[in-house]
Amino acid sequence: MALGKDYVAQECSIARALEIVGERWTLLVVRDALYGVRRYNDFLVHLRIPRAVLAARLQTLLDAGILEKRRYQESPPRDEYVPTDRALALWPVLRSLGLWGRQNIPGTRQMRSFHHAECGTELGAYGECPACGVAVAPRDVEMRPGDGLNPDPEDPVSRALLAPRRLLQPIETERG
């Protein structure tokens, strides 16, 4: 018997949130959108996700107002997926989940570190800047490659993510 997609019997905000972001791949799509991935093919090659699954996850995120579709080319028509304020509100969740994984799952490497772009200080456990004493908004976060990243990745998105960059800055990949 297949598992249901909702938690009807649960009167809980966590259960309601999981109905939207709790499916496999969904938080990785949101993560990539915050990292600057915007185009369908870039999500596809970076995540190595089946097309049908990606299409379903993107539609769920559009329906929930977490991503917004914007046309970037008319002929042929092509759209990009842009994070909304709802996506930005998931940044602390993704950050915490990443920290939890590094601290609690043996063998997990540091793929990226996150810094306050203004002063360069690595963010604290709750996304705050220890030096400035402020909560750092996603657009003020600089992502830097960690020592766990492959220095010569195959896909163009991973190559673009090797350079330090601010969150939300759209990734430009070479097109062939």
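A residue is taken as exposed when its relative accessible area is over 50%, and as buried when that area is under 20%. With that cut-off in hand, a look at this predicted model can start at the surface. I14 has 57% relative accessibility, so it falls on the exposed side. The residue belongs to helix α1, which covers residues 13-21. Together with Y7 and L18, I14 makes up a nonpolar surface patch of about 280 Å².

Things look rather different at L34. This leucine is part of helix α2, residues 26-35, and its relative accessibility comes to just 1%, so it counts as buried. What surrounds the side chain fits that picture: once neighbours within four places in sequence are set aside, L34 touches P83, A87, L88, W91, L94, L167 and L168. The chain also brings T84 into this part of the model, with 9.7 Å between its C-alpha atom and that of L34, although the two positions lie 50 residues apart along the chain.

A64 is another buried residue, this time with a relative accessible area of 11%. Rather than sitting in a helix, A64 is placed in the loop that links α4 (51-63) to β1 (67-73). Beyond its neighbours within four places in sequence, A64 is in contact with I20 and R86. As for V29, 35 residues away along the chain, its C-alpha atom is separated from that of A64 by 14 Å.

Turning to the strands, β3, β6 and β7 line up in the order β3-β6-β7 as an open sheet with antiparallel pairing. At the edges are β3 (112-116) and β7 (165-166), each of which pairs on one side only. Between β3 and β6 (residues 141-145), the antiparallel run is held by five bridges. One of the pairings involves H116, whose bridge partner in β6 is V141. In general, strands of a sheet pair through backbone hydrogen bonds, in either a parallel or an antiparallel way.

That leaves the cysteines. A disulfide is a covalent bond between two cysteine sulfur atoms, and a search through the whole structure turns up zero of them. Why does C119 not form one with C129? The closest cysteine sulfur to that of C119 is the one in C129, and at 3.5 Å it is too far for a bond, because a disulfide calls for sulfur atoms within 2.5 Å. In terms of accessibility, C119 is partly exposed, at 36%. C12 also counts as partly exposed, with a relative accessibility of 31%.

Methods
Residues are numbered from 1 along each chain as its sequence is written. This is a predicted model: local features need pLDDT of at least 70, side-chain atom pairs count only at pLDDT 80 or more; totals for chains, interfaces and linings use all residues. Side-chain values use heavy atoms; hydrogens and water are left out. Patches are made of residues with over 30% relative accessible area and no salt bridge: like charges are joined within 9 Å, nonpolar side chains (Val, Leu, Ile, Met, Phe, Trp, Tyr) within 5 Å. Accessible areas come from the Shrake-Rupley method with a 1.4 Å probe; for residues, only the protein chains shown count as cover. A salt bridge is a side-chain nitrogen of Lys or Arg within 4 Å of a carboxyl oxygen of Asp or Glu. Helices (H or I, at least four residues) and strands (E, at least two) are DSSP runs, numbered from the N terminus. Buried means under 20% relative accessible area, exposed over 50%, partly exposed in between (1.4 Å probe, protein chains only). Contact means heavy atoms within 4.5 Å. Two strands pair if DSSP finds at least two bridges between them.
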